[in-house]
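Me: I'm new to this one, and I'd like to know how the labels people put on a structure are earned. Can you take me through it?

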Amino acid sequence: MQQQRRQPELVEGNLPVFVFPTELIFYADDQSTHKQVLTLYNPYEFALKFKVLCTTPNKYVVVDATGAVKPQCCVDIVIRHRDVRSCHYDVIDKFRLQVSEQSQRKALGRKEIIATLLPSAKEQRKEVEEKRIKEHLTEKNRTVSSGPSLLTVFLGIVCVAALMLPTLGEVESLVPLYFHLSVNQKLVAAYVLDLDGDWTQRNFHMKCFLRSYYNGYTQNMNKDEN
């Protein structure tokens, strides 16, 4: 009855194979990388047999190329690069990890792992760092060229509208009284506009005009009060 429950999963070639990592990188100038470890996981409720194949077996030594993994366990597979030469730099080799049920011969699942020999670990890290910086600058330039965000535009419109509204105490105005703002409220709106340093030149001139208008208006109000 347990066999019938597993049967839909045991289709040839369709069983997922869980192995980490899926890419092996060897560095010629770093001898510690000439030995890599693959970890094969078996999350299933039945044991698995495994076999490791390689497109260039003369370049690698696979310790325990065949074996078994108990249910819900894992096993480490050691792979050593034994032909570290410049003629093999940047050449992509492939390993194939095949798994099957212990009582069967057919491969239930397969997983390919690529292996590459690079000349220098330092150069590779430098290239990765340069690529990361380039991507960051590209993203930053894209953000700047896209202009102000919708929130910035919305805040600018609200502040401009606030500066155009009548001030408290202004009698001759067709705007309802509850739309009249105090001097402090208008100062806050002007301050928020000052914080927006990414506006275009046209908006800058508009801000200068509104501020000069507001300053002149407040001066007249002070004269009337005096």
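Reply: Sure. This is a predicted model. As a start, residues 24 or more positions apart make up 61% of the protein's contacts with a separation of 6 or more.

Me: What makes two residues count as being in contact?

Reply: Heavy atoms within 4.5 Å do. Leaving aside neighbours within four places in sequence, leucine 97 is in contact with Val17, Val19, Leu40, Phe50 and Ile113, among others.

Me: Which residues touch the most other members of the largest nonpolar core?

Reply: Leu24, Leu40, Phe50, Phe95 and Leu97 do, in a core of 23 residues. Strands E2, E3, E4, E7, E8 and E9 each give two or more residues to this core. There's also a second, separate core of six residues, including Cys159, Ala162, Leu163 and Leu181.

Me: How do you know how many disulfides the structure holds?

Reply: The sulfur atoms of a pair have to be within 2.5 Å. For cysteine 73, the closest cysteine sulfur is in cysteine 74, 7.1 Å away, so that's too far for a bond. For the structure, the count is zero disulfides.

Me: Why is cysteine 73 called partly exposed?

Reply: Buried means under 20% relative accessible area and exposed means over 50%. Cysteine 73 has 34%, so it lands in between and is partly exposed.

Me: And what makes cysteine 87 partly exposed?

Reply: Its relative accessibility is 48%, and exposed needs over 50%, so cysteine 87 counts as partly exposed too. Across the protein's 226 residues, 30% count as buried.

Technical notes. Residues are numbered from 1 along each chain as its sequence is written. This is a predicted model: local features need pLDDT of at least 70, side-chain atom pairs count only at pLDDT 80 or more; totals for chains, interfaces and linings use all residues. Side-chain values use heavy atoms; hydrogens and water are left out. A nonpolar core is a set of buried Ala, Val, Leu, Ile, Met, Phe, Trp, Tyr and Cys residues joined through side-chain atoms within 4.5 Å. Buried means under 20% relative accessible area, exposed over 50%, partly exposed in between (1.4 Å probe, protein chains only). Helices (H or I, at least four residues) and strands (E, at least two) are DSSP runs, numbered from the N terminus.
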